[in-house]
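Colleague: I am new to this structure, and I would like to understand the reasons behind the terms used to describe it. Could we look at it together and take the terms one by one?

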Amino acid sequence: IELVRGYSGIMAGIQIPIFFHSDINKIKSLKLKSEALRLELESTRIEQENNLSEIIKNLKNLELEFEQLKEFQKFISTNILEIGIKKFESGEINIFEFLQYLNKNLEIKIKVIQAEHLLRMQFSEYLFIQSKIYENENN
């Protein structure tokens, strides 16, 4: 209430704040948190894309190595087995030496199976990361 000079009467008023100072700070804080989360999500997406690129590169290398190993395995194991059979039939080697030829043949086949297993694991990881990227893009 204030008396004003030259004005005969009383002036009264009410001040109703639309936003309180603490609410403005909360809003600013929430906006900053929202921006930080958005940046963190973007960073995670970029990291996942980089991981995906690395996995794709590894997959391509593994596929190439696997195909080469498979061809090599076919050639070597066939030759080892044929040589072992010929030497055993001609009497050049005994049964134990023949079993060593068979063992070499199996070792080569096991390496091919291990390489195929590694290739499938990498492919599974690729699919997993790709699904996570898809989830993040849709959320």
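**Reading the terms against the values**

Modeller: Let me begin with Asn105, which is buried, with a relative accessible area of 6%. This is a predicted model, in which local features need pLDDT of at least 70 and side-chain atom pairs count only at pLDDT 80 or more, while totals for chains, interfaces and linings use all residues. Residues are numbered from 1 along each chain as its sequence is written, and side-chain values use heavy atoms, with hydrogens and water left out.

Colleague: Why is Asn105 called buried?

Modeller: The term buried is used for under 20% relative accessible area, exposed for over 50%, and partly exposed for what lies in between, with a 1.4 Å probe and protein chains only. Asn105 has a relative accessible area of 6%, and therefore counts as buried. Asn105 is found in helix 2, where helices (H or I, at least four residues) and strands (E, at least two) are DSSP runs, numbered from the N terminus. The protein chain has two helices and zero strands.

Colleague: Which residues is Asn105 in contact with, leaving aside its neighbours within four places in sequence?

Modeller: With those neighbours left aside, Asn105 is in contact with Ser77, Ile80 and Leu81, contact being taken as heavy atoms within 4.5 Å. Ser77 has its place in helix 1, and Ser77 touches Asn105 and Lys109 when residues up to four places away in sequence are not counted.

Colleague: What makes Ser77 buried?

Modeller: Ser77 has a relative accessible area of 5%, which is under 20%, so Ser77 is buried.

Colleague: Why is Lys70 called partly exposed?

Modeller: Lys70, which lies in helix 1, has 27% relative accessibility, and because this value is neither under 20% nor over 50%, Lys70 counts as partly exposed. From C-alpha to C-alpha, Lys70 and Ile108 are 9.3 Å apart in space, while in sequence they are 38 residues apart.

Colleague: What makes the pair Arg45 and Glu49 a salt bridge?

Modeller: A salt bridge asks for a side-chain nitrogen of Lys or Arg within 4 Å of a carboxyl oxygen of Asp or Glu. The side chains of Arg45 and Glu49 meet at 2.5 Å, N to O, and therefore satisfy that limit. Both belong to helix 1, and because they are four residues apart there, about one helical turn separates them. Arg45, at 24% relative accessibility, counts as partly exposed, as does Glu49 at 32%.

Colleague: How many salt bridges does the structure hold?

Modeller: The structure holds six salt bridges. Among them, the side chains of Lys104 and Glu107 meet at 3.5 Å, N to O, and these two residues both lie in helix 2, three residues apart, or about one turn of the helix. Salt bridges that share partners also join Glu42, Arg45 and Glu49 into one network.

Colleague: What makes up the largest nonpolar core?

Modeller: Ten residues make up the largest nonpolar core, namely Leu52, Ile55, Leu59, Leu62, Phe66, Val112, Leu119, Tyr126, Ile129 and Ile133. Helix 1 and helix 2 each supply at least two residues of this core. The term nonpolar core stands for a set of buried Ala, Val, Leu, Ile, Met, Phe, Trp, Tyr and Cys residues joined through side-chain atoms within 4.5 Å. Leu59, one of the core residues, touches Leu119, Gln122, Phe123 and Tyr126, if residues up to four places away in sequence are not counted. As general background, nonpolar side chains tend to be buried together in soluble globular proteins. In this chain, buried residues make up 15% of the 139 residues.

Colleague: Which residues form a nonpolar patch on the surface?

Modeller: Phe88, Ile95, Phe96 and Leu99 form that patch, with about 400 Å² of accessible area together, where accessible areas come from the Shrake-Rupley method with a 1.4 Å probe and, for residues, only the protein chains shown count as cover. Patches are made of residues with over 30% relative accessible area and no salt bridge, like charges being joined within 9 Å and nonpolar side chains (Val, Leu, Ile, Met, Phe, Trp, Tyr) within 5 Å. Phe88 lies in helix 1 and has 36% relative accessibility, which is over 30%, so Phe88 meets the accessibility limit for a patch while counting as partly exposed. Helix 2 (residues 95–138) gives the largest share of the patch, three residues.
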